[in-house]
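Biologist: Pick one part of this model and take me through it closely, backbone and empty space alike. Keep it informal, but be specific about the residues.

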Amino acid sequence: MPLHTRAALRQQPASPDTATFRTALRRLVGGVSVVTVGRGEDRTGLTATSVSSLSAEPPTVMFGLNLASSSFPLLGRHRAFGVNFLTAAQAKVADRFAGRGGEKGAARYAGVEWSEGPTGAPLLVGALAALDCEVEDLIERHSHAIVIGRVREIRLGGENAALAYWRGNYERLGWLPEEASAALGLRSD
């Protein structure tokens with residue numbers, strides 16, 4: 001029996017309930033980003049694996065945002081946000097913005113360096129890349145909004161390993177620069 005046929009036999013149909021849907025989506029590898037919203041003490045943010053390119057001309061991104069999220073009303077007020085693609089070394093930042101340590105609001109920004117983009121959105125210094133975006137559209141559907149943002153500025157970081165999310169855990173994709181150097185027998189003298 002061909003391999004693809006055996007794999008199909010192992011798949012069991014399931015109803016599209018919430019728990020099964022979440023289990024299925026955890027099998028999709030996603031890049032980890034921190035989306036930042038607001039200014040000063042009126043700021044918060046979230047960890048997202050749903051950030052995606054919408055268009056290259058003009059540069060536009062989109063992501064899903066829970067309507068019950070603390071970020072949703074700030075996004076409506078400020079009409080701008082930052083998207084920060086995280087390195088493998090920034091898992092603690094992802095945890096903080098996911099609320100795993102109980103941090104809320106501006107407290108999520110502690111412990112790392114931030115700068116401001118032209119819109120005023122907080123951008124993470126040392127991210128793989130950071131995008132400063134203006135809200136172009138919010139499309140509310142069910143429990144979430146699709147946020148569409150026009151990119152106003154792009155900041156590129158170093159060539160570090162990326163932080164990915166798979167099977168409910170963070171994973172590293174790629175090599176850290178010092179690992180690549182060691183593997184190639186290069187010295188940093």
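Modeller: First, a word on the labels: helices and strands here are DSSP runs, numbered from the N terminus, with at least four residues for a helix and at least two for a strand. Bear in mind too that this is a predicted model.

Let's start from the loop between β4 (52-56) and β5, where P58 is found. The peptide bond joining E57 and P58 is cis, with omega at about 0°. On the far side of that loop comes β5 (59-66), one of the elements giving two or more residues to the lining of the largest pocket. That pocket is the part to zoom in on.

The largest pocket has a volume of about 1,400 Å³. There are 33 residues lining it, and those closest to its centre are T47, T49, S50, G64 and H144. Three of them can be placed by element: T47 falls in β3 (42-48), G64 in β5 and H144 in β10 (144-156). Another contributor of two or more lining residues is the helix α2 (18-25). As for chemistry, the lining divides into 15 polar, 13 nonpolar and five charged residues.

There is an enclosed space too. One cavity of 30 Å³ or more turns up, with a volume of about 30 Å³. Its lining is made of G38, R39, H78, A80, T119, G120 and A121. Sorted by type, that gives four polar, two nonpolar and one charged.

H78 and A80 bring us back to the backbone. H78 ends α3 (71-78) and A80 begins β6 (80-85), with R79 in the loop between the two elements. R79 has a phi near 55°, a positive value in a residue other than glycine. What about its exposure? R79 has 38% relative accessibility, so it counts as partly exposed, because that class lies between the 20% and 50% cut-offs.

Another arginine makes a handy companion case. R167 is found in the loop between β11 (162-166) and β12 (169-173), and its phi is likewise positive, near 55°. R167 has a relative accessible area of 57%, so it is exposed; the cut-off for that class is over 50%.

So if you're scrolling through the model, go from the cis bond at E57 and P58 along β5 to the pocket, then look at the cavity by H78 and A80, and finish on R167 in its loop.

Technical notes: Residues numbered from 1 in each chain as written. Predicted model: local features only at pLDDT ≥ 70, side-chain atom pairs only at ≥ 80, totals over all residues. Heavy atoms only, no water. 1 Å grid on protein atoms, 1.4 Å probe; cavity = no way out; pocket = protein on both sides within 12 Å on 5 of 7 lines; lining within 4 Å. Points joined across faces, edges and corners; volume = space filled by probe spheres on them. Nonpolar A, V, L, I, M, F, W, Y, C, P; charged D, E, K, R; others polar. Buried < 20%, exposed > 50% of the residue type's maximum accessible area, 1.4 Å probe, protein only.
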